[in-house]
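Colleague: I should be grateful for a close look at how the helices pack against one another in this structure. Please proceed step by step, and add a word on the ligand and its surroundings.

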Amino acid sequence: MLESLQDGLQSAFKTLRGQGRLTESNMREGLKLVENALLEADVSYDVVKAFMQDISDKAVGQDVLKSLKPEQQLVGIVNEALIELLGGDSDPTLHLKQDVTVLMMCGLQGAGKTTTCGKLARLIGQDGKKALLCAADLQRPAAVDQLHIVGKSVDTPVYSEPGATDPIAVCQNAVKHARENGIDVVILDTAGRLAIDEELMQQLKTIDLKVHPDKAFLVVDGMTGQDAVNSAKAFNNALDLNGVIMTKLDGDARGGALLSVKQVTGVPIKFIGTSEHMDGLEPFHPDRFASRILGMGDIQSMFEMAQREFDQEQVQKTQERLQKGQFTLDDFRKQLNQIARPGLMQKMLGMMPGMGEMTKMLQGGDHEKEMRRLGGMIDSMTSVERNDPKLIDNSRRQRIAKGSGVSPQEVNELIKQFDSMASLMKGMAGGGMGGAMDMMRK
Ligand code: GDP
């Protein structure tokens, strides 16, 4: 994510590496490169100008700390200014009420609004709360069907009224339905248009006025650069938004919109979309994201993602089995299932300090293919074999290889890999994926 911006900033910092102290001339050189990196990332010109002014004031005003090297000093100053630019201490907590909390989602067609409604419902469900999706986009008949498909995929009910023509009534009825059925959050999927028009804004204003959503979020497509910023400005003028959700940052979005939107519109980013799949929505924390852009990683978000995405009961069970020395190929298979989801490992690695290069190597999905290959071999074994791989003799090995379309040597390698992994894990305090996480947390 935003690799070219990260690379550009890294090369700015590199120019100061090995220099004795921060002087006006080496600082000027470093700052120029920071400015170029931001402009190349398509950050609005005015935003870059203000940002550069801010960091040069900070750099000049700062006493030269003898203990810090110039590179670290510049990283520190840029980090502070980036956090401010991304929204300061804005945080993505939804602050749910005792009563039903209503979230209004708006955005132009194609921005990713319906997909994001599903992703948000999924996050809410992972927090143990009940969400209801409300089909309030009555402009496109297909939109209601699409929301039903999305709802099904995240195991969330969808409220819709076939044949309805009044989106305001549908929203009001959905909130009533939620109240009567013990639902915590209603997510309103409102109509989108290809471009901003008066009718769309009027409809949203009326929903805002009559349904009283607790929060209004705008979904914008991060790949559209400055257009995303401009649409945020227009929607905010009409609606007083609580936050922006920027999607498609997994693609080749350069990041300009992400860095400009708060400064230009005053509205902070609350979530970012990082894949087309339902697990691709991340709460947005300015400080953690600044750290990620600067190559310092974001361990906190990585843990939170692991906690959300890995079945904690499964992690716990695996840990217990490991402690008893009972880790089997069945457990290994279950662990593979947890991490072998498209893009998940890459996303998590991208949050580790200095792992930017590694994630680039992983691009192309070869690691996912590899996991499928391993999974295929385990699936071709009988449960007796999975529990006791020592039983796998030559003829069993031939059968497994044939069943999974690999060579018998590959089956052998898997068993060897498993043996060494199992003994490594037995040695690990607590053991298993959970144990590894515990160790890193310390
Ligand atoms: P809507 O018209 O605003 O409701 O947009 P949709 O939810 O239908 O999304 C439009 C397209 O963008 C779909 O193909 C989605 O799969 C895709 N999409 C949405 N969010 C993301 C994201 O964060 N990353 C990627 N890669 N694709 C996304």
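Modeller: The account below takes two helix pairs in turn and then passes to the ligand. Please bear in mind that this is a predicted model.

Consider to begin with helix α1, which spans residues 3-14, and helix α2, which spans residues 24-40. Their axes come within 8 Å, and the crossing angle is roughly 170 degrees. Angles over 145 degrees count as roughly antiparallel, and therefore α1 is described as roughly antiparallel to α2. On the α1 side, the contact is formed by Ser4, Leu5, Gly8, Leu9, Ser11 and Ala12. These meet Gly30, Leu33, Val34, Asn36, Ala37 and Glu40 of α2. Sorted by class, the contact of α1 with α2 holds 6 nonpolar, 5 polar and 1 charged residues.

The other pair consists of helix α9, residues 226-239, and helix α10, residues 256-265. Here too the axes come within 8 Å, but they cross at roughly 30 degrees. Because angles under 35 degrees count as roughly parallel, α9 and α10 are roughly parallel to each other. Their crossing is right-handed. From α9, the residues Gln226, Ala228, Val229, Ala232, Lys233 and Asn236 meet Gly256, Ala257, Ser260, Val261, Val264 and Thr265 in α10. The residues of this contact divide into 6 nonpolar, 5 polar and 1 charged.

We may now turn to the ligand. There are 18 residues around the ligand, of which Gly112, Lys113, Thr114, Thr115 and Gly273 come nearest. Helix α5, residues 113-126, gives the most to this shell, with 3 residues. By class, the shell comprises 1 nonpolar, 13 polar and 4 charged residues.

Finally, an unreviewed UniProt entry annotates residues 268-281 as "domain: SRP54-type proteins GTP-binding". Over residues 268-281, the chain is 0% helix and 43% strand. The C-alpha atoms at the two ends of that stretch are 16 Å apart.

Methods. Residues numbered from 1 in each chain as written. Predicted model: local features only at pLDDT ≥ 70, side-chain atom pairs only at ≥ 80, totals over all residues. UniProt positions renumbered as here; feature names shortened; annotations may be inferred. Helix = DSSP H or I, 4+ residues; strand = E, 2+ residues; numbered from the N terminus. Near = placed C-beta within 6 Å. Nonpolar A, V, L, I, M, F, W, Y, C, P; charged D, E, K, R; others polar. Axes fitted to C-alpha atoms, helices over the stretch in contact; angles between N-to-C directions. Parallel < 35°, antiparallel > 145°, perpendicular 65-115°, else oblique. Left-handed = near helix turned anticlockwise from the far one by under 90°. Contact = placed C-beta atoms within 7 Å.
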